[in-house]
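Work through the exercises below with the sequence and the coordinates open. Each task is followed by a solution in steps.

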Amino acid sequence: ITGDLQVDNNAILTVTGTVWVVGNVILSNNCVIRLDPGYGATSGVIMTDGTVDVSNNCTFQGSGTPGSYILLLTAKDAPALTVMDISNNSAGVIYYAAKGRMRLSNNATAKEATAYGIDMSNNAIITYDSGLASAIFSSGPSGGRSLTQWREVP
């Protein structure tokens with residue numbers, strides 16, 4: 001997606017493949033983000049080059065099969081800044097912000113969270129579910145990927 005991804009006001013987004021957002025991800029006001037049942041036991045990814053703002057009762061759901069999760073990832077490189085802001089009863093996802101700070105507040109919950117730094121306040125909870133270390137991610141119900149070559153860039 002070139003630009004921002006915004007899902008709000010009771011909207012439901014069903015993810016059928018990996019989503020890459022060039023802008024920011026804004027999820028709010030009772031939105032539901034869920035994986036297509038075709039994912040089965042695998043997990044899916046929503047990634048962005050920008051910031052992530054999740055608020056006001058936004059929930060995330062796997063495919064319906066136990067062990068299926070959504071990973072919400074930002075690649076924004078800003079170690080001193082909050083690149084993910086999760087608040088107000090948002091629940092049920094894996095958050096990843098390796099190059100920036102993450103803030104969880106006001107009863108926000110996460111299945112797992114990894115960041116350069118994490119700030120938590122007002123009853124925020126991170127629950128590391130057993131089995132997450134072996135979560136299997138897919139590019140979608142019919143997708144696949146292969147690496148044909150690589151090189152190290154100085």
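**Exercise 1. An aromatic residue**

Is Tyr95 buried or exposed? The model is a predicted one.

Solution. Step 1: the relative accessible area of Tyr95 is 0%. Step 2: a residue counts as buried under 20%. Step 3: Tyr95 is therefore buried.

**Exercise 2. Aromatic pairing**

Determine how many aromatic pairs the model holds, and classify what is found.

Solution. Step 1: ring centres have to lie within 6.5 Å for a pair to count, and by this rule there is one aromatic pair. Step 2: the partners are Phe60 and Tyr95, with ring centres 6.4 Å apart and planes at 85°. Step 3: plane angles over 60 degrees count as edge-to-face, so the pair of Phe60 and Tyr95 belongs to that class. Step 4: place the two residues in the chain. Phe60 sits in strand β8 (residues 59-61) and Tyr95 in strand β11 (residues 94-105), so the pair ties together parts that lie 35 residues apart in sequence. Step 5: check the cover of the partner ring. Phe60 has a relative accessible area of 8% and is buried.

**Exercise 3. A three-strand sheet**

Derive the strand order of the open sheet that contains β8, and identify its edges.

Solution. Step 1: list the pairings. Strand β2 (residues 12-15) and strand β5 (residues 32-35) run parallel and are joined by four bridges. β5 and β8 also run parallel, with three bridges between them. Step 2: fix the register with one residue pair for each. Val15 stands opposite Leu35 in β5, and Val32 stands opposite Thr59 in β8. Step 3: assemble the sheet. The order is β2-β5-β8, an open sheet of three strands with parallel pairing. Step 4: find the edges. β2 and β8 each have a single partner strand, so each is left with one side that has no neighbour in the sheet. Step 5: add the geometry. From one strand to the next, the twist averages 15°.

**Exercise 4. The disulfide**

Which cysteines form the disulfide, and where do they lie in the chain?

Solution. Step 1: the structure holds one disulfide. Step 2: Cys31 and Cys58 form the disulfide, with their sulfur atoms 2.1 Å apart. Step 3: the angle about the S-S bond is -70°, and the link of Cys31 and Cys58 is left-handed. Step 4: Cys31 belongs to the loop between β4 (25-27) and β5, while Cys58 belongs to the loop between β7 (52-54) and β8. The two cysteines are 27 residues apart, and the pair links distant parts of the chain. Step 5: Cys31 and Cys58 are both buried.

**Exercise 5. Strand β6 and its partners**

Describe the cover of β6 and its pairing with β3 and β9.

Solution. Step 1: strand β6 (residues 44-48) is mostly covered, with four of its five residues buried. Step 2: strand β3 (residues 19-21) pairs with β6 in the parallel sense over three bridges. Within this pairing, Trp20 has Met47 in β6 as its bridge partner. Step 3: β6 pairs with strand β9 (residues 70-74), again in the parallel sense, over five bridges. Here Ile46 stands opposite Leu72 in β9.

**Exercise 6. The surroundings of Arg103**

Which residues beyond its sequence neighbours does Arg103 contact?

Solution. Step 1: Arg103 lies in strand β11. Step 2: with neighbours within four places in sequence left aside, the contacts of Arg103 are Thr82, Met84, Asp85, Ile86 and Asp119. Step 3: at 36% relative accessibility, Arg103 counts as partly exposed. Step 4: as a distance check, the C-alpha atoms of Arg103 and Ala124 are 9.3 Å apart in space, and the two residues are 21 apart in sequence.

**Exercise 7. The chain as a whole**

Summarise the secondary structure, burial, contacts and surface of the chain.

Solution. Step 1: the chain has 14 strands and zero helices. Step 2: of its 154 residues, 40% count as buried. Step 3: among contacts with a separation of 6 or more, 45% are between residues 24 or more positions apart. Step 4: the accessible surface comes to about 8100 Å², and 50% of this surface belongs to carbon and sulfur atoms.

Terms used
Residues numbered from 1 in each chain as written. Predicted model: local features only at pLDDT ≥ 70, side-chain atom pairs only at ≥ 80, totals over all residues. Heavy atoms only, no water. Phe/Tyr/Trp six-rings, centres within 6.5 Å; stacked < 30°, edge-to-face > 60°. Buried < 20%, exposed > 50% of the residue type's maximum accessible area, 1.4 Å probe, protein only. Pairing = 2+ DSSP bridges. Disulfide = S-S within 2.5 Å. Contact = heavy atoms within 4.5 Å. Areas by Shrake-Rupley, 256 points an atom, 1.4 Å probe, with all protein chains shown as cover. Axes fitted to C-alpha atoms, helices over the stretch in contact; angles between N-to-C directions.
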